Amino acid sequence: MNLSQLYYFRKLAQLQHYTKAAKELYITQPSLSDSISSLEQELGIALFQREGRNIKLTKYGQEFYQYVCAALNELEKGIAVAKEKSGAIGGVIDLGCIPTVLGDFIPKAIQDFKDAKNPKAVFNIYQGMTMDVVEGVRKGKYDLGFCSKVEADDLKFIPIIAQQMVAVVRDDHPLAVRDQIKMAELGFYSLTTYRESLPIGKIVRAILRENGVEASFSYDDEISIGGVVMQTNQVALAADTPYLKQFDRLKKIKIADIPLDTRLVYMVYSKKNYLAKAVEDFAEFVTMEERDLPVEE
């Protein structure tokens with residue numbers, strides 16, 4: 001058994017496909033097959049079993065995978081620490097983010113981290129909707145994600161910032177004279193909001209049901225919502241994000257009976273994937289220094 005075999009095993013366990021794993025490992029598929037076969041013979045157990053065109057871990061493979069990941073993670077952390085102490089690297093951090101945090105929160109967090117902790121760190125920023133971000137974190141494409149929370153046992157979600165939900169109208173709408181409103185009052189108007197399939201759409205739908213208010217669920221983001229409000233006489237329910245700033249004729253109205261933390265943005269990482277030292281440092285920095293959540297009274 002050698003270190004390469006363990007890396008090959010981990011990658012194959014993650015992708016569950018010989019061709020894809022071999023491509024990412026920059027080796028041939030026969031070489032990968034031979035390496036895994038040799039490892040199985042040495043251990044005296046089958047690590048994988050066929051499932052259609054793909055493969056999956058056996059129960060023995062699943063148990064072995066946990067130990068291999070733990071061992072390789074510790075080894076890679078040790079290498080990263082040694083390189084960091086020598087000043088050789090600052091680390092590369094890949095972030096997957098929903099669009100609404102890219103205009104203010106993420107740039108500030110990155111600059112604060114570089115100023116305070118690691119000026120050599122290099123960040124790659126990728127934009128996507130919540131499910132894209134979550135899948136990217138799960139597959140290791142992103143080290144960390146910033147998005148809404150979804151149910152996933154293999155991922156860790158940490159609340160980082162709250163984006164207040166507001167009613168949005170055009171500045172010539174009858175409600176534009178109001179600075180505050182209650183949810184029940186919105187039932188008297190044509191109301192629109194996010195698509196129900198989005199995490200934030202599910203949150204809004206639950207709020208509307210609790211208050212007996214109906215709405216059309218149509219839009220992916222605040223740009224779309226702001227655009228339709230500008231062109232119609234509708235009222236929209238949306239998160240107060242930088243996207244709304246581009247519409248100079250929009251009026252945002254505070255909703256008195258919606259908690260300030262109704263819409264939370266979370267930092268997410270995989271419990272199974274390796275996190276480099278620079279990534280761990282940035283995650284800790286964001287959690288300790290950049291968190292912006294409502295204070296309970």
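**Exercise 1. Take Ala 121 and work out whether it is buried or exposed, then place it in the chain and in space.**

*Solution.* Start with the area: Ala 121 has a relative accessible area of 3%, so it is buried, the cut-off being under 20%. Keep in mind that this is a predicted model. Next, the chain position: Ala 121 sits in the loop between α5 and β4. Last, look across the sequence. Ala 278 lies 157 residues away along the chain, yet the two C-alpha atoms are 7.2 Å apart.

**Exercise 2. Get the overall numbers for the protein: how many helices and strands are there, and what share of residues is buried?**

*Solution.* Count elements first: there are nine helices and 13 strands. Then check burial, where 45% of the 297 residues come out as buried. For dimensions, the C-alpha trace spans about 75 × 50 × 35 Å along its principal axes. The accessible surface is about 15,800 Å², with 49% of that belonging to carbon and sulfur atoms. Finally, take the contacts with a separation of 6 or more: 73% of them link residues 24 or more positions apart.

**Exercise 3. Dissect the largest nonpolar core: which residues touch the most other members, and which element gives the most?**

*Solution.* Some background helps here. In soluble globular proteins, nonpolar side chains tend to be buried together.

- Step one, the hubs. The core holds 38 residues, and the ones touching the most other members are Leu 95, Val 101, Phe 105, Phe 146, Phe 157 and Phe 282.
- Step two, the elements. Those giving two or more residues to this core are β3 (92-97), α5 (105-116), α6 (130-138), β5 (144-147), β6 (155-162), β13 (264-270) and α9 (277-290).
- Step three, the top contributor. That is α9, which supplies six residues to this core.
- Step four, the rest. Apart from this core lies another one of 33 residues, including Tyr 194, Ala 236, Ala 239 and Leu 244.

Now zoom in on one hub. Leaving out residues up to four places away in sequence, Phe 157 touches Val 134, Cys 147, Ser 148, Lys 149, Val 150, Ala 152, Tyr 266, Met 267 and Val 268.

**Exercise 4. Trace the surroundings of β3: how many bridges join β3 to β4, and how many join β3 to β5?**

*Solution.* First, check how covered the strand is: five of the six residues in β3 are buried. Then go to β4 (residues 122-127), which runs parallel to β3 and is joined to it by six bridges. Two pairs pin down the register: Leu 95 stands opposite Ile 125, and Cys 97 has Gln 127 as its bridge partner. To get from β3 to β4 the chain passes through α5, and this β-α-β crossover is right-handed. Now turn to β5. It too runs parallel to β3, here with three bridges, and Gly 96 stands opposite Gly 145.

**Exercise 5. Test Cys 97 and Cys 147: what is the distance from each to the nearest cysteine sulfur?**

*Solution.* Use a cut-off of 2.5 Å between cysteine sulfur atoms. By that rule the count of disulfides is zero. The nearest cysteine sulfur to Cys 97 is that of Cys 147, 9.0 Å away. Run it the other way and Cys 147 has Cys 97 as its nearest, again at 9.0 Å. Then check burial. Cys 97 has a relative accessible area of 0% and is therefore buried, and Cys 147 is buried with a value of 0% as well.

**Exercise 6. Lay out the six-strand sheet: what is the strand order, and which strands are at the edges?**

*Solution.* Write the order down: β8-β12-β7-β11-β9-β10, an open sheet with mixed pairing. The edges are β8 (180-181) and β10 (216-219), each pairing on one side only. For an inner pair, take β7 (residues 165-170) and β11 (residues 235-239), which run antiparallel and share four bridges. One of the matches is Ala 167 with Leu 237 in β11.

**Exercise 7. Look at phi for Gln 16 and Tyr 26: what are the values, and where do the residues sit?**

*Solution.* Gln 16 has phi near 55°, a positive value in a residue other than glycine. Its place is the loop between α1 (3-15) and α2 (18-25), and it is partly exposed at a relative accessible area of 33%. For Tyr 26, phi is near 60°, also positive and also in a residue other than glycine. Tyr 26 belongs to the loop between α2 and α3 (29-43). With a relative accessible area of 78%, Tyr 26 is exposed.

Definitions and conventions:
Residues are numbered from 1 along each chain as its sequence is written. This is a predicted model: local features need pLDDT of at least 70, side-chain atom pairs count only at pLDDT 80 or more; totals for chains, interfaces and linings use all residues. Side-chain values use heavy atoms; hydrogens and water are left out. A nonpolar core is a set of buried Ala, Val, Leu, Ile, Met, Phe, Trp, Tyr and Cys residues joined through side-chain atoms within 4.5 Å. Buried means under 20% relative accessible area, exposed over 50%, partly exposed in between (1.4 Å probe, protein chains only). Contact means heavy atoms within 4.5 Å. Two strands pair if DSSP finds at least two bridges between them. A crossover is right-handed if, with the strands pointing away from the viewer, the path from the first strand over the helix to the second runs clockwise. Accessible areas come from the Shrake-Rupley method with a 1.4 Å probe; for residues, only the protein chains shown count as cover.
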